[in-house]
Amino acid sequence: MLLDAHRGEHGALLAVPEDLFIDGEWVAGSGGERVAVTDPATGERIASVASAGPEDVHRAIAAAKRAFAGWSRMLARGRASVLKRWHE
């Protein structure tokens with residue numbers, strides 16, 4: 001996963017993922033295009049992220065459909081645990 005770093009509102013250095021998260025992996029967009037992300041308060045460019053094209057969207061939807069059955073049967077506590085581990 002590539003990261004673009006910028007300073008947050010309190011001066012902390014923040015890492016922003018640059019790629020798409022599809023099917024459990026960070027991947028570059030299939031078209032190779034990038035989108036600039038700007039801070040709306042300052043207009044400053046804070047990151048550049050992959051642009052998802054139709055192929056990327058179809059892959060993400062297919063992955064979500066495959067994951068849905070297991071995820072929907074999981075109790076809220078289990079989902080929270082997964083999200084917490086992913087965040088760390």
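Q: Quick one first: what does buried mean here?
A: Buried means under 20% relative accessible area, exposed means over 50%, and partly exposed is in between. Keep in mind that this is a predicted model.

Q: Okay, then is I46 buried or exposed?
A: I46 has a relative accessible area of 15%. The cut-off for buried is under 20%, so I46 counts as buried.

Q: Where does I46 lie?
A: I46 is in strand 6, which covers residues 45-50.

Q: And what separates the C-alpha atoms of I46 and V16?
A: In space, 8.6 Å lies between those two C-alpha atoms. Along the chain, I46 and V16 are 30 residues apart.

Q: What about S48, where does that one lie?
A: S48 lies in strand 6, as I46 does. S48 has 13% relative accessibility, so S48 counts as buried. Its C-alpha is 5.7 Å from that of V37, and the two residues are 11 apart in sequence.

Q: Let's zoom out. How many helices and strands does the protein have?
A: There are 2 helices and 6 strands. Going from the N terminus, the order is β-β-β-β-β-β-α-α.

Q: How much of the protein do buried residues make up?
A: Out of 88 residues, 18% are buried. The protein exposes about 6,800 Å², and carbon and sulfur atoms supply 59% of that.

Q: What share of the contacts comes from residues 24 or more positions apart?
A: Taking the contacts with a separation of 6 or more, 32% are between residues 24 or more positions apart.

Q: New topic: how many aromatic pairs are there?
A: The structure has 1 aromatic pair. F21 and W26 form it, with 4.9 Å from centre to centre and 55° between the planes.

Q: Why does that pair count as tilted?
A: Planes under 30 degrees apart would be stacked, and over 60 would be edge-to-face. The planes of F21 and W26 are at 55°, so the pair is tilted.

Q: How accessible is F21, and what does it count as?
A: F21 is at 38% relative accessibility, so F21 counts as partly exposed. W26, its partner, is partly exposed too, at 28%.

Q: On to pockets. How much space lies in the largest pocket?
A: The largest pocket holds about 380 Å³. It is lined by 14 residues, and the closest to its centre are F21, D23, G24, A67 and W71.

Q: Which elements give two or more residues to the lining of the largest pocket?
A: Those are strand 3 (20-22), helix 1 (54-73) and helix 2 (76-87). Helix 1 gives the most, with 7 residues.

Q: What is that lining like by class?
A: The lining has 11 nonpolar, 1 polar and 2 charged residues.

Q: Back to D23, where is it found?
A: D23 sits in the loop between strand 3 and strand 4 (25-27). At 52% relative accessibility, D23 is exposed.

Q: And what about the phi of D23?
A: Phi of D23 is near 55°, which is positive, and D23 is not a glycine. Most residues other than glycine have a negative phi.

Q: Last one: where is the place of G32?
A: G32 is in the loop between strand 4 and strand 5 (34-38). Its relative accessible area is 54%, so G32 is exposed. From G32 to S51 the C-alpha distance is 7.4 Å, with their positions 19 residues apart in sequence.

Definitions and conventions:
Residues numbered from 1 in each chain as written. Predicted model: local features only at pLDDT ≥ 70, side-chain atom pairs only at ≥ 80, totals over all residues. Heavy atoms only, no water. Phe/Tyr/Trp six-rings, centres within 6.5 Å; stacked < 30°, edge-to-face > 60°. Buried < 20%, exposed > 50% of the residue type's maximum accessible area, 1.4 Å probe, protein only. 1 Å grid on protein atoms, 1.4 Å probe; cavity = no way out; pocket = protein on both sides within 12 Å on 5 of 7 lines; lining within 4 Å. Points joined across faces, edges and corners; volume = space filled by probe spheres on them. Helix = DSSP H or I, 4+ residues; strand = E, 2+ residues; numbered from the N terminus. Nonpolar A, V, L, I, M, F, W, Y, C, P; charged D, E, K, R; others polar. Contact = heavy atoms within 4.5 Å. Areas by Shrake-Rupley, 256 points an atom, 1.4 Å probe, with all protein chains shown as cover.
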